[in-house]
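Please read the points below with the model open beside you. They are meant for someone meeting this structure for the first time, and they go from the sheet to the pockets and then to the aromatic rings.

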Amino acid sequence: MAALLLLTLAAAMAVQSGTARSGDGVAIHYEARGAGAPALVFVHGWAISGRYWDAQVPVFARAHRVVTLDLAGHGLSGRERKDWTVPAFAQDVRAVVEALKLERVVLIGHSMAGNVILEAARAMPGRVVGLVPIDTLLDVDQQMSDAEVSGAMADFRADYKATTEAFVRKYMFWPTADPALVGAVVKDATSFPPEIGVPVLEHVWRYDPRPLLAETHVPICAVNADKFPTRLDHARAYAPQFDALVVKGVGHYLMREDPAAFNGQLALAIARVTGKATPGAGR
């Protein structure tokens, strides 16, 4: 009996890798493990990949089906997309959810993926039971002007590597952050193809989440760093159900800077949007 139980647990934790075709035909790489509903679908941010969730997957897969994916242009996914919009990335998420036949999902989206999971929830009515933005949608009323976006894009196009490194080091981390982690993130971001990175940033920075936020009625609980303030009053003007938790002393990549603290807050956020606690996720 004990041996059978161990085999069952081992099978549940085995990694299932696959590819789903997005709405425009781009191949989207995904990995899934664990069992239990609702499924947790982790969506990464700009210029990184699903591996940024490595410290979360084994913890949450104890009680949930856990899915990570590489958005188009990132990681192991295809790069032949023509239009790098937020709705197009949402179709990547939808394709993976449908390929895995997931019926009830919580979407967890870091950075630009906060907007992506809003769009994905709209694209999958009835399947998404909650949203957990990660260090994103901190102040939804703080929108960049056309002139600001155009100026920033000119800098990225003129010298992508130098502009990207300066951007990551200045805005993404506290000065006390682990230099090795900062260096690893800088390497990922600066090696990202500029022909993808620049248009992705432009679309993300021109995207206004407020109209869609006002149409979103599933529970939302963000997990944010304390580097910049979280303006719940602004978010709740559009989505009264919007809630947030904070991890202290970390920057934008909080899931890697302090995995234990982040996992504890993420477990609370999942419990708030689902009404179901994740056993052992805070350890």
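1. The sheet. This is a predicted model, and its description may begin with an open sheet of eight strands, which follow one another in the order E1-E2-E4-E3-E5-E6-E7-E8 with mixed pairing. At the edges stand strand E1 (16–21) and strand E8 (242–247), each of which pairs on one side only. Neighbouring strands of the sheet are turned against each other by 20° on average, with direction ignored.

2. The E1 edge. Strand E1 and strand E2 (residues 27–33) run antiparallel and are joined by six bridges. Within this pairing, glutamine 16 is found opposite alanine 32 of E2.

3. A helix on the sheet. Helix H12 (residues 259–274) packs on the sheet, where it touches strand E3 (39–43), strand E5 (105–110), strand E6 (128–134), strand E7 (220–225) and E8. The direction of H12 makes about 165° with that of E8.

4. The largest pocket. Its volume is about 1200 Å³, and 36 residues line it, with Gln142, Met144, Phe167, Met172 and Trp205 lying nearest its centre. Helix H5 (146–158), helix H6 (160–171) and helix H8 (194–206) each contribute at least two residues to the lining of this pocket. Sorted by class, that lining consists of 21 nonpolar, nine polar and six charged residues.

5. The second largest pocket. Here the space amounts to about 240 Å³, and the lining is made up of 17 residues, of which Glu31, Gly50, Arg51, Asp54 and Thr68 lie nearest the centre. Strand E2, helix H2 (57–60) and strand E4 (66–69) each supply at least two of the lining residues. By class, the lining of the second largest pocket holds seven nonpolar, five polar and five charged residues.

6. Aromatic pairs. How many aromatic pairs does a search of the whole structure find? The search finds 11 of them. In one pair, the ring centres of phenylalanine 42 and tryptophan 53 are 4.9 Å apart and the planes stand at 55°, so the pair is tilted. Because phenylalanine 42 lies in strand E3 while tryptophan 53 lies in the loop between E3 and H2, the pair ties together parts that are 11 residues apart in sequence.

Terms used. Residues numbered from 1 in each chain as written. Predicted model: local features only at pLDDT ≥ 70, side-chain atom pairs only at ≥ 80, totals over all residues. Heavy atoms only, no water. Pairing = 2+ DSSP bridges. Helix = DSSP H or I, 4+ residues; strand = E, 2+ residues; numbered from the N terminus. Axes fitted to C-alpha atoms, helices over the stretch in contact; angles between N-to-C directions. Contact = heavy atoms within 4.5 Å. 1 Å grid on protein atoms, 1.4 Å probe; cavity = no way out; pocket = protein on both sides within 12 Å on 5 of 7 lines; lining within 4 Å. Points joined across faces, edges and corners; volume = space filled by probe spheres on them. Nonpolar A, V, L, I, M, F, W, Y, C, P; charged D, E, K, R; others polar. Phe/Tyr/Trp six-rings, centres within 6.5 Å; stacked < 30°, edge-to-face > 60°.
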